[in-house]
Amino acid sequence: RAVLAEEGVRARLLAYADGERRLTNVLHCVEVLQRAAVEGGLGPEALLQWLGRRVEEAGEDDGRREAEEYQIRLESDAAAVQVVTIHKAKGLEYPIVFCPFAWEGLRATKADDPAVFHGPEDGRRLVLDLGSPDLVRHRALAQREELAEGLRLLYVAVTRARQRTYLVWGRYKETETSALGYLLHGPAGAGTLPLEEVVGATAESLARLDDGALRDGLAALSTAACGRVGVADLPPGPGQRYAERAGGEEVFEARPPPDAIPADWGLASFSGFTSGSWERAAHPDRDALGPRAPEETREADGPEREGPSAPSIFSFPRGARAGSCLHAVFEDLEFAGAGPAEVRRVAAEKLALHGFGFEWRETVARMVEDVLAAPVLGPADPLRLGKLGGGDRLTELEFHLPIGRVSREGLARVFQEHGGPDLPRDFTGRLGELGFRPARGLLKGFIDLVFRSGGKVYLLDWKSNHLGDAASDYGPEALQTAMAEHYYHLQYHLYAVALHRYLRLRVPGYRYEEHCGGAVYVFLRGVGAGGSRGVYRALPARGVVEALDRYFGGGGRAGV
């Protein structure tokens, strides 16, 4: 700001015909540079390099949400629609004015409401009547003053336009006591009526007029104004888009309610299955909803656990709040082309939103960069999430699947008959230990990420579980143990059924083997850039997915 002032930038730019545009662009650019310098800790030289890269990449930003920050701003509000109160508009002028609520009448009063008005003797003495014998008359005087104030405000409103004013009028609630009602359809000889009778006489006059009479009165006003006042119907709104059926003879009746609401109908979810509660299905799973939930949740709300002396992703707090924070980072981040500054901006924003300190920004940002660079589909596959464009991914895909009666015994039986070799040997036995009660209704869930690569579609789930303070604690055996302990094998099979139904409805010629790539579970604390640790992969067998689909009532439609 000092440089702009010393160099007279504002005055020099505003001297041009498009000076406002130029000045707005300069100030906008300064804001962007300031933000980049603060968030990235950039000095002058680094900031110049950053600006150079942004200029070179300008043509590539069209598909990125980050590009919104660089969209050209309006240099002036002159062309914008302005919404102002009548009081604030006093003394101003606009080309066109819309007054959609000028029909509002006086506020309703109760029998014991006091009356505030000015004494009729000189109009200056303010009177508060709390219940005198003349309260009814005084309340009428107070309403008459309110009507007079309404007329004054109406005058201000309708005289703000240079070219045209639009007024909305009709038989709305309280129009009988409105200033516009008095002006357009007031009683004959209103000027000779006693002050306390003006409002009542106006209400009576309007009450006698039906819609046709109101329209006739407006037509007469238009004729008397010699074309300066026009009358037109309002365009149809959302509640008016209907047409009468031909003949108009068919009568519709509401379906009678059932005699009883089934007690076994409800919402099911993976977290509900594993927690023993059928209805626990309102929110996305955030890694603290499995069998160890109580301990993990208490840990998140208490002191941070002892860990390595320097901040690291291993020592990052645990529990549902921490899981929600890390999920939110990946949910809002545009993967493709997300540079260090953008990663750190999103990390800082989500840390603050979830109540974690700024000192964790670098730790979380490095973890995110490692995850985006990791070969999540295996060392032999070239895919990196950091190259995944917005057109190849769906974030937080919510689904509701209609399901028939589901029980732990039924689930165990399906996996016993159709389960694949990737399942633990005691998996079906542990399914029989789940505590939820048999029921039917809807299976609800949130798939963290669905993405497409090489013609196949994959489902991915972020896991913030703490398995240890070393990279070696996130190897294949440790991941298999965590998957078994938290019933994640059941989770990705449920999600696979949802994705199976989703693709079956939307992909022409859909075939499971051709279009489904499997499940990827990313344990965020253990992922290293270029390595394969911290990532669990599985391809549910087609037989078990189709068997679960049939068990759930696979003919139903998926609501995704």
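**Entry 1: Tyr-487**

I looked up Tyr-487 and placed this residue in the loop between helix H17 (476-485) and helix H18 (488-506). I note that the model is a predicted one. Tyr-487 is not a glycine, and yet its phi is positive, about 60°. I recorded this because most residues other than glycine have a negative phi. Is Tyr-487 buried or exposed? Its relative accessibility is 6%, under the 20% limit, so I entered Tyr-487 as buried.

**Entry 2: Cys-226**

I then turned to Cys-226, another residue other than glycine with a positive phi, here near 55°. I found Cys-226 in the loop between helix H9 (211-224) and strand E5 (265-268). The relative accessibility of Cys-226 is 64%, over the 50% limit, and therefore Cys-226 counts as exposed.

**Entry 3: the whole protein**

I next looked up values for the protein as a whole. I counted 20 helices and ten strands. The protein has 560 residues, of which 41% count as buried. Its exposed area is about 31,800 Å², and 54% of that is supplied by carbon and sulfur atoms. I also examined contacts between residues at least 6 apart in sequence: 71% of them join residues at least 24 apart.

**Entry 4: helix H3**

I followed helix H3 through residues 19-40, which makes 22 residues. From its first C-alpha to its last, H3 reaches 32 Å, close to the 32 Å expected at 1.5 Å a residue. Which residues of H3 are buried? I listed Gly-19, Arg-21, Leu-23, Thr-24, His-28, Val-32, Leu-33, Ala-36, Ala-37 and Glu-39. As background, I noted that an α-helix has 3.6 residues a turn, so residues three or four places apart point the same way. The cover over the buried residues of H3 includes helix H2 (9-14) and helix H4 (44-56), as well as helix H13 (340-353) and helix H14 (361-373). Just after H3, I found Gly-41 with a positive phi of about 60°.

**Entry 5: a nonpolar surface patch**

I looked on the surface for a nonpolar patch and found one formed by Val-116, Leu-126, Leu-128 and Leu-130. Together these residues have about 440 Å² of accessible area. Where is Leu-130? I located Leu-130 in the loop between strand E3 (126-129) and helix H6 (135-158). Leu-130 has a relative accessible area of 67%, so I entered it as exposed, the limit being over 50%.

**Entry 6: Thr-428**

I placed Thr-428 in helix H16, which covers residues 427-431. Leaving aside neighbours within four places in sequence, I found Thr-428 in contact with Ala-412, Phe-415 and Gln-416. With Gln-416 there is a polar contact from side chain to side chain, at 3.1 Å.

**Entry 7: Pro-438**

I closed with Pro-438, in the loop between H16 and strand E7 (439-453). Its relative accessibility is 34%, between the limits of 20% and 50%, and so Pro-438 counts as partly exposed. Which residues does Pro-438 contact, leaving aside its neighbours within four places in sequence? I recorded Asp-264, Arg-405, Val-406 and Ser-407. Pro-438 and Ser-407 are 31 residues apart along the chain, while their C-alpha atoms are separated by 4.4 Å.

Key. Residues are numbered from 1 along each chain as its sequence is written. This is a predicted model: local features need pLDDT of at least 70, side-chain atom pairs count only at pLDDT 80 or more; totals for chains, interfaces and linings use all residues. Side-chain values use heavy atoms; hydrogens and water are left out. Helices (H or I, at least four residues) and strands (E, at least two) are DSSP runs, numbered from the N terminus. A polar contact is a pair of N or O atoms within 3.5 Å; within protein, one must be able to donate a hydrogen and the other to accept it, and residues adjacent in sequence count only if both atoms are side-chain atoms. Contact means heavy atoms within 4.5 Å. Buried means under 20% relative accessible area, exposed over 50%, partly exposed in between (1.4 Å probe, protein chains only). Accessible areas come from the Shrake-Rupley method with a 1.4 Å probe; for residues, only the protein chains shown count as cover. Patches are made of residues with over 30% relative accessible area and no salt bridge: like charges are joined within 9 Å, nonpolar side chains (Val, Leu, Ile, Met, Phe, Trp, Tyr) within 5 Å. A salt bridge is a side-chain nitrogen of Lys or Arg within 4 Å of a carboxyl oxygen of Asp or Glu. The expected span of a helix is 1.5 Å times one less than its number of residues.
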